[in-house]
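Q: Please take a close look at one part of the model shown here, and explain how it is placed among its neighbours. A formal account, suited to a first-year student, would be welcome.

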Amino acid sequence: MSKVSEVFVAGGVPQVTYVQRDGLRLEERLATALEDKFQVICITGPTKSGKSVLCKRVLTGRSSLWVQGGQIDNVDEFWRAAAETLDLPVEVLESSSSTSSGGFNAGVKGERGTSEGKQEKRVVSPKLAVLSRCKSIDACLVVDDFHYMSADTQERVIRALKAEIFDGLAVVLIAVPHRAFDAISVEPEMQGRFIHIEIPSWDEGELKGIGAKGFPELHLNIGDSHIVEIARESHRSPILMQRICNNLCRVFSISE
């Protein structure tokens with residue numbers, strides 16, 4: 001039995017009511033770009049147009065590291081946030097005892113040396129630790145709301161990622177259109193090393209697909225004209241369409 005919260009998902013990644021927008025080939029283009037590597041992938045589009053949902057959908061089953069640009073004030077905070085997401089330490093304990101496990105792995109596991117060994121703290125660069133882990137697990141680094149970070153932070157992040165991208169690290173930047181390429185343009189070596197996937201605003205026919213998929217899943221007979229009206233009231237926003245459909249079910253005390 002399907003629950004309303006699982007069918008009409010406002011803000012998350014819908015399964016039942018996911019609409020591919022086949023004519024745009026968005027999933028195919030993003031999957032191909034990730035497979036080709038050696039380039040920055042810029043996903044742009046209006047606010048709440050489904051940029052993050054598209055990325056999460058395509059990356060399903062693959063390791064990924066997400067950093068929220070809206071929570072980042074400077075470049076050091078960017079790498080610390082990334083390290084915390086990966087549960088990487090910013091400092092480790094090392095032992096001078098030959099019988100103890102030392103080094104980076106020991107710090108991650110919290111292993112301690114013998115009573116004869118001397119322990120010392122060693123600061124680990126969050127940036128190097130993050131990049132090393134991403135490469136070791138073949139993770140895609142996704143920076144959501146990239147446009148919210150300051151211009152200086154954007155430039156320094158791109159500069160730090162440049163060599164890793166050339167080595168095959170997958171990097172996706174999600175931004176609004178007018179701020180997508182500011183940081184990339186200041187790095188001459190990055191010219192020609194990015195691909196742009198633009199997500200246009202939704203039309204009423206595409207929004208209607210959300211209701212057309214969701215209501216039958218819940219065994220609700222909602223007339224086509226009513227679904228069209230809901231799509232019109234959603235102002236080209238898939239999240240708003242999901243929310244209105246969800247709320248409509250709640251009004252009639254339908255939860256599953």
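A: A residue counts as exposed when its relative accessible area is over 50%, as buried when that area is under 20%, and as partly exposed in between. Ser-253 therefore counts as exposed, with a relative accessibility of 68%. The model discussed here is predicted. The part chosen for close study is helix 6, and the account begins with the chain as a whole.

The protein chain averages a pLDDT of 87, and 85% of its residues score at least 70. Over residues 99-114 the pLDDT is below 50, although this stretch has 24 contacts in the model beyond near neighbours in sequence. The secondary structure of the chain comes to 11 helices and 7 strands. Of its 256 residues, 42% count as buried. Among contacts between residues at least 6 apart in sequence, 77% join residues at least 24 apart.

The approach to helix 6 is now considered. Ser-125 is found in the loop between strand 4 (119-123) and helix 6 (126-136). Its surroundings leave Ser-125 partly exposed, because its relative accessibility of 30% lies between the two limits. Where does Pro-89 lie in relation to Ser-125? The two are 36 residues apart in sequence, yet the distance from C-alpha to C-alpha is 9.2 Å.

Within helix 6 itself, the buried residues are Pro-126, Ala-129, Val-130, Leu-131 and Cys-134. At the other end, helix 6 is followed by Asp-138, whose phi is positive, near 55°. Most residues other than glycine have a negative phi.

The helix that packs against helix 6 in this account is helix 4 (residues 75-85): their axes are 8 Å apart and form an angle of about 45°. This angle makes helix 4 oblique to helix 6, because it falls between the limit of 35 degrees for roughly parallel axes and the range of 65 to 115 for roughly perpendicular ones. The crossing of the two helices is left-handed. On the side of helix 4, Trp-79, Arg-80, Ala-82 and Ala-83 take part, and they meet Pro-126, Lys-127, Val-130 and Leu-131 of helix 6. By class, this contact has 6 nonpolar residues, no polar residues and 2 charged residues. The buried residues of helix 6 include Pro-126, Val-130 and Leu-131, and these three appear in the contact with helix 4.

Two further helix pairs may be set beside this one. The axes of helix 2 (residues 26-36) and helix 3 (residues 51-58) come within 10 Å and cross at roughly 60°. That angle makes helix 2 oblique to helix 3. The crossing of helix 2 with helix 3 is right-handed. Leu-26, Glu-27, Leu-30, Ala-31 and Leu-34 of helix 2 make this contact with Leu-54, Cys-55 and Val-58 of helix 3. Its residues comprise 7 nonpolar, no polar and 1 charged.

In the other pair, helix 9 (residues 204-217) and helix 11 pack at an angle of about 35°, with their axes 9 Å apart. Their crossing is right-handed. From helix 9, Leu-207, Lys-208, Ile-210, Gly-211 and Phe-215 meet Pro-238, Met-241, Gln-242, Cys-245, Leu-248 and Cys-249 of helix 11. The residues of this contact divide into 8 nonpolar, 2 polar and 1 charged.

The positive phi of Asp-138 invites a look at other residues of that kind. Ser-253 is not a glycine, yet its phi is positive, about 60°. This exposed residue lies in the segment after helix 11 (238-251). Arg-21 is not a glycine either, and its phi is positive, at about 55°. Its place is in the loop between helix 1 (4-7) and helix 2. Is Arg-21 buried or exposed? Its relative accessibility is 7%, so Arg-21 counts as buried.

A last residue returns the reader to the start of helix 4. Thr-153 is found in helix 7 (residues 151-166). It counts as buried because its relative accessibility is 1%. Leaving aside neighbours within four places in sequence, Thr-153 is in contact with Ile-72, Asp-73, Asn-74 and Val-75. Helix 4, which packs against helix 6, spans residues 75-85, and Val-75 is one of the residues that Thr-153 contacts.

Technical notes. Residues are numbered from 1 along each chain as its sequence is written. This is a predicted model: local features need pLDDT of at least 70, side-chain atom pairs count only at pLDDT 80 or more; totals for chains, interfaces and linings use all residues. Side-chain values use heavy atoms; hydrogens and water are left out. pLDDT is the predictor's confidence in each residue, from 0 to 100. Contact means heavy atoms within 4.5 Å. Axes are lines fitted to C-alpha atoms, for helices over the stretch in contact, and angles run from 0 to 180 degrees between N-to-C directions. Helices (H or I, at least four residues) and strands (E, at least two) are DSSP runs, numbered from the N terminus. Angles under 35 degrees count as roughly parallel, over 145 as roughly antiparallel, 65 to 115 as roughly perpendicular and the rest as oblique. A crossing is left-handed if the near helix is turned anticlockwise from the far one by less than a right angle, and right-handed if clockwise. Ala, Val, Leu, Ile, Met, Phe, Trp, Tyr, Cys and Pro count as nonpolar, Asp, Glu, Lys and Arg as charged, and the others, Gly among them, as polar. Buried means under 20% relative accessible area, exposed over 50%, partly exposed in between (1.4 Å probe, protein chains only).
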